[in-house]
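These are my notebook entries on one structure, written down in the order in which I looked things up.

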Amino acid sequence: MEKSAEKIVILTGAGISAESGLGTFRDEDGLWAKHRIEDVATPEGFTRDPDLVHAFYNARRAQSAEASPNAAHTALGELQRSWPGEVVIITQNVDGLHEQGGAEDVLHMHGTLNGALCAACDHRWPAPASMSPTDLCPACAQPRTRPDIVWFGEMPYFMEAIYDHLAEADIFASIGTSGQVYPAAAFVQEAQMAGAHTVELNLEPSAGASSFAESRLGRASEIVPHWTGDILARA
């Protein structure tokens with residue numbers, strides 16, 4: 001396969017959006033520091049206190065709406081537009097910054113803040129700025145509205161398509177991920193089995209850093225544009 005036709009598969013995590021002002025699970029301040037994951041990011045937590053969960057995601061939705069893509073997002077959008085081969089972006093993030101940065105067909109494996117889901121009939125629709133437990137599903141009229149977010153204990157979206165992409169990857173890049181959340185933490189091994197060159201771009205080495213053939217450390221807004229520039233120089 002010619003280099004210009006190489007398939008690039010990219011996984012992104014919270015670290016790529018941190019410089020846009022969106023916090024991660026491990027930040028010592030911010031929204032996540034004020035709540036237990038079990039209370040706001042599990043189906044059981046939603047069953048116990050749907051008002052709390054909706055209030056949490058309403059706050060996250062408002063925070064996300066004020067954020068702007070940074071140079072890492074826009075660099076990936078440019079890579080996708082300019083690379084002669086296929087560039088697939090898979091994200092663990094629930095914000096829309098990749099799309100705002102120019103990327104298309106992003107696979108949001110953990111759902112999106114901009115989506116609403118009916119727990120009764122699985123209907124999906126665009127989420128309003130503020131959601132509550134009394135909201136009715138537009139399809140079945142049941143008050144079972146929840147954020148269209150994949151919580152802990154639930155199966156991520158697009159897994160079949162993701163594994164198909166990993167099996168075809170010539171280059172696999174992991175950007176801004178902790179390497180601690182599965183199944184995404186094992187994507188590097190899937191790509192390696194396909195013969196892909198693997199690279200980690202992160203602020204610091206992740207838990208799975210030793211699995212990558214190449215490592216680039218630093219702020220995402222700096223190292224991602226440099227990496228995409230190097231890739232595009234080969235086109």
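**Entry 1: a helix pair**

I began with the crossing of α4 and α8, which I recorded as left-handed. The model is a predicted one, and I kept that in mind throughout.

I then looked up the geometry: helix α4, residues 71-82, packs against helix α8, residues 220-232, at an angle of about 15°, and their axes are 7 Å apart. Since angles under 35 degrees count as roughly parallel, I therefore noted α4 and α8 as roughly parallel to each other.

Which residues make this contact? On the α4 side I listed A71, A72, A75, L76, E78, L79 and S82, and on the α8 side A220, S221, V224, P225, W227, T228, I231 and L232. Sorted by character, the residues of the contact of α4 with α8 comprise 11 nonpolar, 3 polar and 1 charged.

**Entry 2: A220**

From that list I picked A220, which is found in helix α8. Is A220 buried or exposed? The relative accessible area of A220 is 8%, and because buried means under 20%, I entered A220 as buried.

I next asked what A220 touches once its neighbours within four places in sequence are left aside, and found G15, I16, E19, A72 and P225. Of these contacts, A72 belongs to the α4 residues that meet α8.

As a distance check I took V150, which is 70 residues apart from A220 along the chain, and the C-alpha atoms of A220 and V150 are separated by 25 Å.

**Entry 3: the sheet of 6 strands**

I turned to the sheets and wrote down an open sheet of 6 strands in the order β3-β2-β1-β7-β8-β9, with parallel pairing. Its edge strands are β3 (107-108) and β9 (214-217), each of which pairs on one side only.

I followed β7 on both of its sides. Towards β1 (residues 8-12), 5 bridges join the two strands, which run parallel, and L11 has S174 in β7 as its bridge partner. Towards β8, the strand β7 (residues 171-175) pairs with residues 197-202 in the parallel sense, again over 5 bridges. Here S174 has E200 as its bridge partner in β8, so that I could place S174 between L11 on one side and E200 on the other, while A173 stands opposite V199 in β8.

How many residues of β7 are buried? I counted 5 of its 5 residues as buried. I171, A173 and I175 point one way from β7, whereas F172 and S174 point the other way, and all of them are buried. For β8 the entry reads that 5 of its 6 residues are buried, which makes the strand mostly covered.

**Entry 4: the sheet of 3 strands**

I also recorded an open sheet of 3 strands in the order β5-β4-β6, in which the pairing is antiparallel. The edge strands are β5 (124-126) and β6 (145-149), and each pairs on one side only. From one strand to the next the twist averages 45°.

Within this sheet I looked up the pairing of β4 (residues 111-118) with β5, which is antiparallel and runs over 3 bridges. G115 has P126 in β5 as its bridge partner.

**Entry 5: backbone points to note**

Before going through the loops I reminded myself that most residues other than glycine have a negative phi, and that most peptide bonds are trans.

Where does the backbone carry a cis peptide bond? I found one from Y182 to P183, with omega near 10°, and I placed P183 in the loop between β7 and α7 (187-193).

D105 has a positive phi of about 55° although it is not a glycine, and I located D105 in the loop between α5 (97-100) and β3. The relative accessible area of D105 is 71%, and because exposed means over 50%, I entered D105 as exposed.

F158 likewise is not a glycine and has a positive phi, of about 65°. F158 sits in the loop between β6 and α6 (159-167), and at 42% relative accessibility I entered F158 as partly exposed.

Terms used: Residues numbered from 1 in each chain as written. Predicted model: local features only at pLDDT ≥ 70, side-chain atom pairs only at ≥ 80, totals over all residues. Heavy atoms only, no water. Axes fitted to C-alpha atoms, helices over the stretch in contact; angles between N-to-C directions. Helix = DSSP H or I, 4+ residues; strand = E, 2+ residues; numbered from the N terminus. Parallel < 35°, antiparallel > 145°, perpendicular 65-115°, else oblique. Left-handed = near helix turned anticlockwise from the far one by under 90°. Contact = heavy atoms within 4.5 Å. Nonpolar A, V, L, I, M, F, W, Y, C, P; charged D, E, K, R; others polar. Pairing = 2+ DSSP bridges. Buried < 20%, exposed > 50% of the residue type's maximum accessible area, 1.4 Å probe, protein only.
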